[in-house]
Amino acid sequence: MAYRFVIAALVTLLSCSASLAQDQYFLYLRWPGGLCSKGECCFHSTYPRQNDFVVHYLARSFTSGSYPQCNPNPFYAAALQNFVQDMYKYWPSFNCPAATGVNEWGDAWNDNGKCSGIDQPQYFQRAINLTKDANVLDKLARKGILPSESNTYNLVDVMNAINEGLGANTAVINCGANANSVLRNVRLCLDPTASFATDCIDKPPNICAERVQLLPLANNTVEDENPIEMVTSGVM
């Protein structure tokens with residue numbers, strides 16, 4: 001009888017654990033000053049060259065084990081024309097030679113958007129709105145963490161500034177260069193509807209030194225032979 005009770009309890013526990021599992025979204029942000037610290041980035045002169053976090057991509061995990069049917073539609077650039085100026089600002093390309101970003105947007109859709117459960121152009125609009133709402137740079141500035149060529153900051157302070165500002169244990173920070181001390185990327189955990197930052201279900205470690213730099217965007221190469229044209233067509 002006791003054996004049966006233990007088995008029943010284990011089955012109940014496993015069932016509850018399965019029912020509590022939830023999918024989670026992640027917003028991956030890039031810090032241009034860190035990515036371009038060696039001067040390897042290119043910009044069109046018409047891009048806003050600014051010290052601010054920009055979108056890398058929006059992705060979905062499948063912790064619950066429930067996989068949606070992926071969207072078969074290819075990336076269609078014309079779907080973004082109503083907010084393409086926001087795409088240039090919040091989802092720019094740093095590639096050389098300078099480009100409009102269409103190829104990177106297409107890669108984001110094909111690699112992460114198609115199976116996110118979010119249709120075009122909502123996938124891109126959602127990522128941009130989340131980036132605006134998170135306003136990570138503002139959260140850091142409120143704690144005195146500002147872009148600087150010389151200042152370094154305690155990694156724990158950087159983490160706490162973002163987490164406290166967003167009200168959740170949400171941030172994972174990745175660095176590179178200079179003994180892994182230059183901040184390059186921030187990942188934010190999102191709720192199951194991809195609407196706001198929330199605690200991470202399974203949080204990986206930060207990949208950074210104990211003290212980090214938030215480098216300002218250097219005066220990198222600008223290619224402006226051809227002005228950017230608004231994206232109005234193109235399928236990938």
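This report describes the confidence, the overall build and one internal cavity of a predicted model.

**Confidence along the chain**

The chain has a mean pLDDT of 84, and 81% of its residues reach 70 or more. Over residues 1-20, however, the pLDDT is below 50, and this stretch makes zero contacts in the model beyond near neighbours in sequence. The pLDDT also stays under 50 over residues 225-230, although for this segment the model has ten contacts beyond four places in sequence. Where pLDDT is low, the predicted coordinates should not be read in detail.

| Stretch | pLDDT | Contacts in the model |
|---|---|---|
| Residues 1-20 | below 50 | zero beyond near neighbours in sequence |
| Residues 225-230 | under 50 | ten beyond four places in sequence |

**Overall build**

The secondary structure of the chain consists of seven helices and eight strands. Of its 236 residues, 42% count as buried, and the chain exposes about 12000 Å², of which carbon and sulfur atoms supply 51%. Among the contacts between residues at least 6 apart in sequence, 78% join residues that are at least 24 apart.

**The second largest cavity**

The model holds two cavities of 30 Å³ or more, and the second largest of them encloses about 30 Å³ of space. Its lining is formed by Leu140, Ile145, Tyr153, Val158, Leu183, Val212, Gln213 and Leu214. By residue class, this lining divides into seven nonpolar residues, one polar residue and no charged residues; the polar one is Gln213, because Gln is not listed among either the nonpolar or the charged residue types.

How values were computed
Residues numbered from 1 in each chain as written. Predicted model: local features only at pLDDT ≥ 70, side-chain atom pairs only at ≥ 80, totals over all residues. Heavy atoms only, no water. 1 Å grid on protein atoms, 1.4 Å probe; cavity = no way out; pocket = protein on both sides within 12 Å on 5 of 7 lines; lining within 4 Å. Points joined across faces, edges and corners; volume = space filled by probe spheres on them. pLDDT = per-residue confidence, 0-100. Contact = heavy atoms within 4.5 Å. Helix = DSSP H or I, 4+ residues; strand = E, 2+ residues; numbered from the N terminus. Buried < 20%, exposed > 50% of the residue type's maximum accessible area, 1.4 Å probe, protein only. Areas by Shrake-Rupley, 256 points an atom, 1.4 Å probe, with all protein chains shown as cover.
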